[in-house]
Amino acid sequence: MNLKKLLFTVSLLLPLVANAQSITPAQIEQFKSLPKAQQEALAKQYGVDLSQLTGSSSQSRPQQPLQEVVEPLEESEQEARQAAEEQARKDEEFAKKNNGLEPFGYELFAGSPTTFAPVTEIPVPAEYTMGPGDVLKVQLWGNQNQQLELPVSRDGTIDFPERGPVSVAGLTFQQTRDHITQLVSEQYIGVKAAVSLGELRSIRVFVLGEARTPGSYSVSSLSTIINALYVSGGIKQTGSLRNVQHKRNGKLIGTLDLYDLLLKGDTSGDARLQAGDVIFVPAVGSRAGIDGEVYRPALYEIEKGTSLQELVDLAGGLTPQAYPQITKIERTNEDFLRIIAEADLTQSSGKQAQVRSGDRISVASIADVTGQYVEVKGAATRTGKFAWVPGMRVSSIIRNLDADLLDFGDTNYAAIVRTDPETKRISVVNLQLRTAVTVPGSSADLMLQEKDQLLFFTDTGKVPFELEGSEDGLQVQKQKRPQREIQASENPDERERLKAQEELKNNAEQFTRTALFEPVIKRLKAQAGPYSPQQTMRISGPVRYPGEYPLPTTGTVKNAIFVAGGLTDSASMYSAELARRYTDDNGVEQTQIIQVDLAAAMLGKSDVRLKSRDRLLIKSVPSFGTNRTITLEGEVRYPGQYTFREGETLSQVLERAGGLTDNAFPRGAVFTREKLRQLEAQRLREAEERLQGDLLGVQLEGDSFGGQNAQRVDEVKGLLEDVQSSRPVGRMVIDLPQVLADTGYQPIRLQDGDTLSVPTIPQAVSVFGEVQFPTSHLHSAGLTVDDYLERSGGPTRQADQDRVYVVKADGSVMLPEKSAWFGGRSQQLQPGDTVIVPIDVDRLNQLELWSNVSQIVYQMALGAAAVGNL
């Protein structure tokens with residue numbers, strides 16, 4: 001390239017520089033190849049700072065975006081959530097195998113980053129080794145002021161202005177700084193240099209073994225082992241935290257114990273990485289679990305020779321409630337049997353006891369040993385064991401019903417499960433909770449004894465979801481929201497709300513009377529004997545929580561009903577029934593029925609006392625809450641939904657409704673009944689099933705109809721479709737004029753759900769079925785069945801003319817061919833009548849079933865159409 005052409009090229013590039021536009025490194029190199037005098041002249045001509053060109057070879061490069069560590073998998077957010085929840089489920093199952101203990105330390109890497117931000121905001125150590133990709137920033141001042149950015153090329157050199165390539169690869173940063181400072185002092189007179197690092201190179205390292213996402217990763221050259229572990233998502237619970245291996249060129253150069261970081265904050269073992277290094281996470285070593293009165297109960301990875309005291313130190317030490325004299329050690333012996341030993345942590349021999357792989361250490365609590373505690377279970381905000389002191393009452397534990405109980409907690413009733421210190425037998429004391437808390441020191445505020453258990457229950461009326469009844473009382477519905485529905489919700493707030501609702505349901509179910517009393521009932525039954533009857537009873541009927549309960553210590557019916565949540569409004573106060581089992585003189589168990597005056601019992605005036613295994617039945621008020629209604633529609637003076645008394649008739653209700661209007665057509669009234677509709681629906685289902693079976697038989701017969709089988713099959717399919725599209729009506733034929741006239745006509749006793757629809761006076765006669773044009777015609781006096789059939793174009797080829805029938809306005813059916821009343825097909829019709837021409841099912845292989853089905857279809861579907869025509 002001649003000088004003229006080069007100057008022309010540079011003249012085009014310099015305005016671009018002035019406008020902050022990007023120019024290629026090749027063009028910059030061409031400009032830098034010019035003599036310095038020409039560079040200065042051109043720069044002066046175009047008003048450009050020469051340092052922007054001579055020292056900006058690295059600046060002119062487009063800044064490299066952060067590299068993603070790993071190419072992301074093409075998976076939806078829902079799949080990612082499912083994978084995370086599946087991993088959480090596996091971790092939960094692992095914890096269940098270890099009695100709830102989880103491995104220590106793995107939460108350090110909770111949450112995996114998708115990209116890695118290089119470590120650039122920290123001072124570069126003097127021993128940092130320079131390599132290709134690093135960028136040196138050199139600031140010159142004195143006789144010349146210039147800012148240079150010099151990238152280290154692939155051959156390990158930097159291109160220093162007026163000096164040429166300078167090799168820096170393999171030198172430490174301090175050596176590089178000293179070398180460049182010396183070069184500047186030798187090259188330029190009166191110029192000093194300050195050297196720093198700009199962009200750092202990326203290096204490729206490998207994270208292998210039991211890493212959560214093993215593979216190859218690009219990280220900053222200042223990265224350490226822990227940085228790389230974070231990039232890879234951390235370590236799986238099957239990986240070791242205490243023996244993370246750092247390898248280079250196939251040789252082990254160091255190990256990292258993450259327990260030093262977690263427990264001591266010591267990062268001295270966190271070595272800096274170089275290109276090609278391998279971080280290998282081996283399988284986890286020996287583990288031992290520790291729980292009880294230590295600060296960090298968990299599974300710990302132990303080294304060989306770990307003592308019991310060292311394991312306690314790993315767990316954060318003993319709590320003030322610990323009783324170190326009793327420390328249980330559960331381990332597997334040589335015969336693979338689990339054995340339990342004890343150690344005393346106050347003695348040197350106990351502290352130095354060796355811990356083995358698979359051991360489970362449990363540090364006892366002072367309360368467990370001395371028994372000086374009370375325990376709170378159920379729907380309380382603070383559950384667990386509390387210190388017991390003589391004179392303690394219930395109000396000492398529960399001071400405020402709103403603050404100390406959950407939102408759905410029962411504030412009226414609680415139970416105290418008490419253990420006899422000598423016999424170890426339990427008994428249940430019922431507690432009037434509201435009185436005990438609001439009136440401290442009263443007789444209701446019972447004194448607590450050592451090892452008492454206070455049970456607080458769910459008040460199902462406060463739970464914001466549906467309940468279902470069962471033999472053992474009201475229980476939370478088992479049909480919970482599917483987990484996949486919670487996962488599918490795209491709104492994070494909605495997912496959190498659904499999860500909170502599911503947790504609320506689970507808690508409410510766990511704290512019902514049935515759930516909390518279940519182990520108590522089992523214990524009472526187990527401790528029963530010939531001279532100590534079983535202290536349980538069962539209550540059923542209209543109480544809030546029917547079921548089996550511990551026998552009240554007072555033995556009164558009133559107290560038993562209080563335990564069951566009280567009576568509902570449907571309870572009959574006249575009497576209750578008590579079934580009692582007893583042994584007669586012959587040693588045979590018999591049943592005795594005792595009638596209880598419930599009103600007197602609730603007032604405390606009954607002398608009936610409950611005994612072992614009694615069954616108390618609270619009776620309901622007969623027909624309580626039963627609401628029988630009939631709907632009157634159409635031409636009724638006061639239409640609407642009427643409630644009727646037991647045994648009331650249709651005529652009586654119509655009289656209450658003011659009778660019929662002047663425009664009513666009582667002969668065409670439609671009376672429907674729900675039970676009849678259900679019966680018709682059942683008949684339709686049976687007919688459909690049988691018709692489908694016979695249709696299959698016709699299809700298997702082949703050409704038995706003289707080659708017209710396909711046409712016959714289509715006709716039968718059409719009939720089947722008619723059956724499937726038919727809707728049951730539930731109509732009962734009545735003669736409403738006779739009902740209103742009350743001339744000895746059978747009275748119609750009403751049932752709940754009955755409907756009476758009285759139409760207006762009709763003017764039409766309808767023709768449906770197998771005619772050319774099914775339609776309705778204006779009624780004309782003197783016209784017969786045949787006349788109306790002729791007006792509809794006459795029967796089709798598929799019509800069965802011998803079975804033509806008429807649906808009268810009152811719903812009754814008459815066959816003109818067989819009825820003397822009709823006088824044949826020449827009988828004149830009345831307004832509101834409907835002529836129906838059925839299909840000739842005899843043409844379809846003489847199947848009697850199809851004839852029956854045809855009658856069902858036309859009586860209901862076409863009959864309903866006739867009703868609508870009134």
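## A walk around the model

Start by selecting Glu-589, which is partly exposed at a relative accessible area of 32%. (Buried means under 20% relative accessible area, exposed over 50%, and partly exposed in between, with a 1.4 Å probe and protein chains only.) Before you go on, note that this is a predicted model, where local features need pLDDT of at least 70 and side-chain atom pairs count only at pLDDT 80 or more, while totals for chains, interfaces and linings use all residues. Residues are numbered from 1 along each chain as its sequence is written, and side-chain values use heavy atoms, with hydrogens and water left out.

**Stop 1: salt bridges**

Keep Glu-589 on screen and add Arg-581: the two form a salt bridge, with 3.0 Å between the closest N and O atoms. Here a salt bridge is a side-chain nitrogen of Lys or Arg within 4 Å of a carboxyl oxygen of Asp or Glu. As background, side chains of opposite charge can pair when their charged atoms come close. Arg-581 is partly exposed, with a relative accessible area of 35%. Next, pick Arg-242, Asp-257 and Glu-303, which are joined into one network by salt bridges that share partners. By the rule just given, the count comes to 25 salt bridges.

Now jump to Arg-382 and Asp-404, a salt bridge whose closest N and O atoms are 3.8 Å apart. This pair links distant parts of the chain, 22 residues apart: Arg-382 sits in the loop between β16 (373-378) and β17 (384-387), and Asp-404 in helix α13 (residues 401-404). (Helices, H or I with at least four residues, and strands, E with at least two, are DSSP runs numbered from the N terminus.) Which end of this pair is buried? Asp-404 is, at a relative accessible area of 11%, whereas Arg-382 is partly exposed at 40%.

**Stop 2: Asp-459 and its surroundings**

Select Asp-459, in the loop between β20 (453-458) and β21 (467-468). Is Asp-459 buried or exposed? At 9% relative accessibility, Asp-459 counts as buried. Show what surrounds Asp-459: leaving aside neighbours within four places in sequence, it is in contact with Phe-408, Gly-409, Asp-410, Arg-544 and Tyr-545. Contact means heavy atoms within 4.5 Å.

With Arg-544, the side chain of Asp-459 meets in a salt bridge at 2.8 Å, N to O. These two also link distant parts of the chain, since Asp-459 is in the β20-β21 loop and Arg-544 is in the loop between β23 (536-540) and β24 (547-550), 85 residues apart. Arg-544 counts as partly exposed at 27% relative accessibility.

**Stop 3: two positive phi angles**

Go to Lys-451, in the loop between α14 (433-438) and β20. Check its backbone: phi of Lys-451 is near 65°, a positive value in a residue other than glycine. Lys-451 is partly exposed, with a relative accessible area of 35%.

Then move to Arg-613, in the loop between α19 (598-602) and β27 (615-620). Phi of Arg-613 is near 60°, again a positive value in a residue other than glycine. At 38% relative accessibility, Arg-613 counts as partly exposed.

**Stop 4: a four-stranded sheet**

Color the strands β29, β28, β31 and β30, in that order, and you have an open sheet of four strands with mixed pairing. The edges are β29 (640-643) and β30 (670-672), each with a single partner strand, so one side of each is left without a neighbour in the sheet. From one strand to the next, the twist averages 15°. Two strands pair if DSSP finds at least two bridges between them. Strands of a sheet pair through backbone hydrogen bonds, either parallel or antiparallel.

How many bridges join β28 to β29? Four, and β28 (residues 629-634) runs antiparallel to β29. To see one position across that pairing, select Thr-631, which stands opposite Gln-641 in β29.

**Stop 5: helix α22**

Select Ser-725, in helix α22 (residues 709-725). Ser-725 is partly exposed, with a relative accessible area of 48%. Add Leu-684 and draw a C-alpha to C-alpha distance: Ser-725 and Leu-684 are 9.9 Å apart in space and 41 residues apart in sequence.

**Last stop: strand β6**

Finish at Leu-208, in strand β6 (residues 202-209). Leu-208 counts as partly exposed at 34% relative accessibility.

Technical notes. Axes fitted to C-alpha atoms, helices over the stretch in contact; angles between N-to-C directions.
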